[in-house]
Every structure is written in C-alpha cells, then in structure tokens.
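Me: I would like a close look at one part of this model, with the reasoning spelled out. Please go on from there to other parts if they help.

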Amino acid sequence: MDWRTFAERMAALARDLLAQETVTDTLERITRSATELVPGCDAAGILLLHAKGVRTLAPTDQVVTDSDQLQERLQEGPCYDVARPESDERVFRIADFREDHPGWPRYVAEARKLGLGSMMGFLLYTDEEDLGALNIYSRSPGAFTEASETAGWLLASHAAVAFSSARTHAQLEEAVATRHIIGEAMGILMGSHELTEDQAFDVLRRYSQDKNVKLREVARRICERGGLT
C-alpha cells in the first residue's frame, strides 16, 4: 500500500465530496470510492437502520442489497450490528465466509450462497450523530488486510463528515423551500379572505390537522389552486 498516493487520493476525494450537489450523489461517490481505494474491495454500500427496518443506500452491486436484506431477515450480521446506535464497536470484520462465525452463524451460512468471500463494516459517525455503516465486500476469502482496514476506516471517517454535511445542507434547503411556500400560501389566504398573518397561519394549521395532511402539502395545494377549495 502506497500511503502517500492514498493520502493524495483521499485529499482529492474530500474536495470532490464537498462538490456533490445532492445527498444521493455524495453517498454514491463514497461507495464508489471504497471500490477504488480499499484494497480487495469488490462492492460497497451504506446501511441505515430505522423503525421500519433496513435501508440500503448507494450500493455498487446487487450483492450489497442482498446481504443487507439477509441480515434484516435473520436479525443478525456485522452490518446490522455496526449500524445499531447502541453499538460500541466501530469496525466489524468477517475474514473468511468459508469458516463458521460464532457471532453471526446463520448470516455467514446464508451469505456463502451469495458468493461472498470476506467483508468489513465501519460505523459512520460524527460527534453529534450516528449515520449508519459503510460496508465493503470481496468475493475472495481473506481479501482484506490490515492496510485494507486502515484505508476503510479513513474513508469512513471522511464519509461520515461528508454525509452529515450533505444531509444538513439538504435539510436547510428543504426548510427554506417550506418556509417560502407556506409564506406564499398565507399571502393568498390573507388577500382572498382579508385575514391577518396569524389568522392565515392558523387556517393552514387547522386544515393540516383536520385533514391529516402535512402543512407544506396544504400550502402547496393553496398555491396551485389559489385557495383551499
């Protein structure tokens, strides 16, 4: 492993990640980089755990999605564990899928059928939040060395910051857009019904609650139709 070259590529990646326009673009650049920068990596993806189950983001190969779904079905596996918010572990590793694993016996047995040889999972986290796990796979047993683990950990560290930044930016853009459309809808109601600003907002809020429709969607409909009808 030429660490000088690796460092140069990581520096270029850091700049590239900040230049991505959407969260999806950022995640796809992260997982593609895993296949380019981590020795032995054939496929990569990001796994999120939420109330409804597992979500796979930016997989570079179908086997990533298949592995995540397998772990969700079995309720066990390294990616599943590393993405748990209560987990204290930062890295999980299966060196050889041909060997039984005491921690995830059912997952390893089933994952062999997917053609997996080895894998690693890295928690994506910042000081403020856990963001899921970056998971990398190889079809060859014993593909990942200590250098692979170090490279994966460094990539995951960069990825977590970029992911968090991209998501925050997207949330801010959505908040600004929501505020704008709500303001426009309030203006329509104020003009058509001679309401004050507070009264117009109260109409929006009550309609949203009564119809069980999000406030932004109510505002969008008013802007499109010129009123609530």
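Where in the chain is the place of Ala58, between which strand and which helix?

Reply: This is a predicted model. Ala58 sits in the loop that lies between strand E2 (53-57) and helix H3 (62-74). Its phi is near 50°, a positive value in a residue other than glycine. Most residues other than glycine have a negative phi. Ala58 counts as buried because its relative accessibility is 15%, and the cut-off for buried is under 20%.

Gln75 can be set beside it. Gln75 is not a glycine either, and has a positive phi of about 60°. Its place is in the loop between H3 and helix H4 (78-82). With a relative accessible area of 48%, Gln75 is partly exposed. A further positive phi, about 80°, belongs to Gly226, just after H8.

Helix H8 (residues 215-225) has Val218, Ala219 and Ile222 as its buried residues. Viewed down the axis of H8, these fall within an arc of 95°, so they line one face of the helix. An α-helix has 3.6 residues a turn, so residues three or four places apart point the same way.

Helix H1 can be read likewise. The buried residues of H1 are Phe6, Met10, Leu13 and Leu17. These cover an arc of only 60° around the axis, and therefore lie on the same side of H1. Arg4, Arg15 and Leu18, on the other side of H1, are exposed. The length of H1 is also as expected: its 16 residues should span 22 Å at 1.5 Å a residue, and the end C-alpha atoms are 23 Å apart, which agrees.

The partner to consider next is H2. The axes of H1 (residues 3-18) and H2 (residues 23-37) come within 11 Å and cross at roughly 170°. Because of that angle, H1 is roughly antiparallel to H2; the cut-off is over 145 degrees. From H1, Phe6, Arg9, Met10, Leu13, Asp16 and Leu17 meet Thr26, Arg29, Ile30, Ser33, Glu36 and Leu37 in H2. The residues of this contact divide into 6 nonpolar, 2 polar and 4 charged.

Ile30 leads on to helix H6 (residues 146-193), where Ala159 lies. Apart from neighbours within four places in sequence, Ala159 is in contact with Ile30 and Leu124. Ala159 is buried, at a relative accessible area of 1%. Its C-alpha atom is separated by 8.5 Å from that of Ala14, although the two residues are 145 residues apart along the chain.

Definitions and conventions. Residues numbered from 1 in each chain as written. Predicted model: local features only at pLDDT ≥ 70, side-chain atom pairs only at ≥ 80, totals over all residues. Heavy atoms only, no water. Axes fitted to C-alpha atoms, helices over the stretch in contact; angles between N-to-C directions. Helix = DSSP H or I, 4+ residues; strand = E, 2+ residues; numbered from the N terminus. Parallel < 35°, antiparallel > 145°, perpendicular 65-115°, else oblique. Contact = heavy atoms within 4.5 Å. Nonpolar A, V, L, I, M, F, W, Y, C, P; charged D, E, K, R; others polar. Buried < 20%, exposed > 50% of the residue type's maximum accessible area, 1.4 Å probe, protein only. Arc of directions from axis to C-beta. Expected span 1.5 Å × (residues − 1).
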